[in-house]
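Good morning, and thank you for coming. Please take a moment to look at the sequence and the structure on the screen before I begin.

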Amino acid sequence: ILNQLANELSFQSNFPKALELYLTGIELAHQADRLDVVSVNMENIGSIYYSIKDYDQALDFYKKGLKINMDQGNEIRIAETLSNMASTYAEMENVRTAMEHIDKSIETFEKYDTKEWLAYSYEIKGKIFKVKKEYDSALVWYKKGEVLHKELDDKRGEIFLLEGMANTYLG
């Protein structure tokens with residue numbers, strides 16, 4: 001419940017209160033020996049730092065979540081974390097590492113037919129090509145993501161995708 005409430009606060013850009021709730025969630029998850037929940041909260045804290053463009057700090061939290069996911073052998077959660085890391089590396093213009101991470105994620109999401117995360121990963125792959133100024137390739141991936149977003153009726157996710165497409169057309 002704390003995680004969901006913190007997510008909504010984060011979407012409203014109330015980052016201090018969201019961070020407080022995520023940290024409380026981590027404490028409670030440790031007490032309950034729920035490392036899967038610790039991982040989710042770590043990544044959500046990473047997303048807060050991503051939102052305020054503190055990419056190094058975001059990566060620190062994503063890496064903590066990734067370690068937990070790898071220790072637990074959860075392929076889907078590993079792929080989710082790698083997608084978030086790929087987006088961060090793309091923002092930092094480290095396109096080689098971003099591409100490595102997103103390709104692993106896409107492979108996993110396609111294997112398990114995880115459409116929401118696959119749509120997000122296609123968008124990130126588009127972002128990476130956009131950073132490389134390979135606009136035609138970027139649009140191919142953005143459009144793949146757009147098809148899935150429409151199928152999922154994911155308006156919130158589609159906003160970021162459309163912003164990426166608009167910036168790609170501008171490029």
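I shall start with one acidic residue, Asp103, which is partly exposed because its relative accessible area of 33% lies between the limits of 20% and 50%. Please keep in mind that the model we are looking at is a predicted one.

With which residue does the side chain of Asp103 meet in a salt bridge? The partner is Lys125, with a nitrogen-to-oxygen distance of 2.6 Å. This pair connects distant parts of the chain, since Lys125 lies in helix 7 and Asp103 in helix 6, 22 residues apart. Lys125 has a relative accessibility of 11%, so it counts as buried.

In general terms, side chains of opposite charge can pair when their charged atoms come close. Across the whole structure, a search finds 14 salt bridges. One of them joins Lys111 to Glu75, at 3.3 Å from N to O. Here again distant parts of the chain are linked: Lys111 belongs to helix 6, residues 95–112, and Glu75 to helix 5, 36 residues apart. Are these two residues buried or exposed? Lys111 counts as exposed, because its relative accessibility is 57%, whereas Glu75, at 35%, counts as partly exposed.

Another salt bridge is formed by Lys127 and Glu91, whose closest N and O atoms are 3.0 Å apart. Lys127 sits in helix 7 and Glu91 in helix 5, with their positions 36 residues apart in the chain. Lys127 has a relative accessible area of 10%, so it is buried; Glu91, at 35%, is partly exposed.

Let us stay with helix 7 for a moment, where Phe129 is also found. Phe129 counts as buried because its relative accessibility is 12%, and the limit for buried is under 20%. Which residues does Phe129 touch, leaving aside those up to four places away in sequence? They are Met99, Glu134, Ser137, Ala138 and Trp141. From Phe129 to Val140 there are 11 residues in sequence and 9.7 Å in space, taken between C-alpha atoms.

Helix 7 also brings us to the largest pocket, as seven residues of the lining come from this helix, the largest share. The volume of the largest pocket is about 1500 Å³. Its lining has 39 residues, and those closest to the centre are Phe11, Ser47, Asn84, Tyr120 and Phe160. Several other helices also supply at least two lining residues each, among them helix 1 (2–11), helix 4 (55–72) and helix 9 (155–170). What kinds of residue make up this lining? There are 12 nonpolar, 14 polar and 13 charged residues.

Finally, I turn to helix 4. At 1.5 Å a residue, its 18 residues should span 26 Å, and because the C-alpha atoms at its ends are 25 Å apart, the two values agree. The expected value is 1.5 Å times one less than the number of residues. The buried residues of helix 4 are Tyr55, Ala58, Leu59, Phe61, Tyr62, Gly65, Leu66, Ile68 and Asn69. Against which helices do these buried residues pack? They pack against helix 3 and helix 5. After helix 4 comes Gly73, with a positive phi near 70°.

To close, I return to the screen: helix 5 holds Glu91, helix 7 holds Lys127, and a salt bridge joins the two residues. Thank you for your attention.

Terms used:
Residues numbered from 1 in each chain as written. Predicted model: local features only at pLDDT ≥ 70, side-chain atom pairs only at ≥ 80, totals over all residues. Heavy atoms only, no water. 1 Å grid on protein atoms, 1.4 Å probe; cavity = no way out; pocket = protein on both sides within 12 Å on 5 of 7 lines; lining within 4 Å. Points joined across faces, edges and corners; volume = space filled by probe spheres on them. Helix = DSSP H or I, 4+ residues; strand = E, 2+ residues; numbered from the N terminus. Nonpolar A, V, L, I, M, F, W, Y, C, P; charged D, E, K, R; others polar. Buried < 20%, exposed > 50% of the residue type's maximum accessible area, 1.4 Å probe, protein only. Contact = heavy atoms within 4.5 Å. Salt bridge = Lys/Arg side-chain N within 4 Å of Asp/Glu carboxyl O.
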